[in-house]
Every structure is written in C-alpha cells, then in structure tokens.
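Here are a few exercises to help you get to know this structure. Grab the viewer and work through them one step at a time.

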Amino acid sequence: MSQQTINVGSGELAGDGESLRSAFQKVNSNFTEIYSAGFGIGQQGPTGPAGPSGPTSNYTEHRSFFVDYNGTDTNDGRSRGLPFKTIARALSSATTGTTVFIGPGQFVESYPLTVPKGVTVRGSGLRATTISPTTATNSADGFLIDGETTLSDFNMSGQYWNTATQTGYAFRVATSATFTTRSPYLERITVLNRGTVTSATDVYGFASGNAGRGVLIDGSVIQSNSVETALLFNEFTMIVPGSIGFHLKNGARVEMLTSFTYFADKAIWAESGTAG
C-alpha cells in the first residue's frame, strides 16, 4: 500500500479539507503499514545490503587511571569519580601508553613503586601532591623506572639511606629495564629528605648522615639491547642533606635543565665502570 496523504484544504476556514474521521483513517493505515514492515518500537528492521569493508585499524587504547586520597583500591580507577586509593594499585594495572593521574594530597605508599615501560605518572603540582613511604619502607627506593616513562608534578619526602642494603634513592633505574626509543623524563619534581635526628640548629638532620638520596642511574642493570642509559630532568630539585644528589655508574648519562641540589655531600657523583 502506498502512503496516504491527508487533504488539509486550501485555507484554515475554507471548509474544503478532508473530514477529521477520514484524516485519522489514513493516519492509522500509514502506521499499520510501518509496523507491518518491522519498524515498530522494539522491533528489528529489515537487514540492508552489506557495506564495503573498512581499513584494518592498528589503534591501541591508551587508558588513564586516577588516584585520589579519598579513593579506594576496589574501584576500577578509570574515572575521577571512581579513583584508586594508592599509586601502587594504579601502577599494577598500567601498561604502555597509560597515564596515572594523582590528585592533591599526601600519599603514603609502600615502596618501591615500579613504573612500567611507557607509563606516565603525573601529580597535581609541586604544592599539591606529596608522596612519602610507609614507616616500614622508608629506607627502600622510591620509584623504579623503565624506559619511555614520564614522571612529573609532585613532591617526595621522608626517605632515609640504608647503608646495608644500599637503598633509599627517590628514583632508580629498574633492574632489566629496556630503553628503546627514548630516555625517561622527570620534570617539576622536588625531593625533600632529612636525617633521622633534627634540631633547632640542624633542621635538616645534616649531621645524621642518613638522609635519603636522589637518583641512581646505573648502566649495568638495563637490558643489553637497550640504547644508552640516560635520564632527562627539567625543573628538578633535590634537598638531600649530607647525602647524594645524582649518582651515575657504568656509562650512565644525565641531562639537566633548571635542576638544583641543596645541602648534599655530593651533588653529582659519577663513577666509571665497565659493566654498562
């Protein structure tokens, strides 16, 4: 049956249009035909011809995870409304291309925190996000970083140096890391450590000699198929009283822009070696 059209007349008061009964009979007939063809609500319409095949996609999803002081690690962490509680939980789910966004506040984490290859960790700013270790892990290393990683916009504090285990660096290249396309990049970060004993005349605990260290870059720990071991720093500050700022070993390299070290025993300590 073809579409039925209602004669609405030549004018509003002309009186030459179709009667109301006849008009609605045509309306009902039109709807009956539509439903009979399978286009009613909740009905599946007829299948049309197949379209041409599109190109194969090489797209890889780059996920984001969110960490907030008021979050919980049983959330999925994929939105600001359902964030994780800890950075460790977010990093455990992160893969290449993931960005971990950390909200403002004080985050007490169980160190070390391993940053997988190609992952970005971004805080909310130097005066907003502070990361520190639990009491049980305050002489462990902070972040263990792999290749193609980026870390930015947060403070770190509360670490101590452990002579027996040689740990207590804020940042350290992870054992078996692979640097493939670019070096890790750290920017807008402040590391503020103190010795265990402070006083009115030694507010940073310089005399204790056990304040946490800054960065260890060891060329001997990365995979042999990597490019050279190098880290890049921008707007990077370390307050490490009586301790070490940058520690380079076994062919490691460092590039620093607008970076500062305060109260250190050695601001930059470079050791030669044959393993890197």
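**Exercise 1. Work out how much of the chain is buried.**
Start with the count: 41% of the chain's 276 residues are buried, where buried means under 20% relative accessible area, exposed over 50% and partly exposed in between (1.4 Å probe, protein chains only). Before going on, note that this is a predicted model: local features need pLDDT of at least 70, side-chain atom pairs count only at pLDDT 80 or more, and totals for chains, interfaces and linings use all residues. Residues are numbered from 1 along each chain as its sequence is written, and side-chain values use heavy atoms, leaving out hydrogens and water.

**Exercise 2. List the secondary structure, then place T150.**
First, the chain has 2 helices and 15 strands (DSSP runs numbered from the N terminus: helices are H or I, at least four residues; strands are E, at least two). Next, find T150 in strand β8, residues 150-157. Is T150 buried or exposed? T150 counts as buried because its relative accessibility is 14%. Finally, look around: beyond its neighbours within four places in sequence, T150 is in contact (heavy atoms within 4.5 Å) with V119, T120, V121, R182 and Y185.

**Exercise 3. Find where F263 sits and say how exposed this residue is.**
Step one: look in the loop between β14 (253-262) and β15 (266-271), and there's F263. Step two: check the relative accessible area of F263, which is 42%, so F263 is partly exposed.
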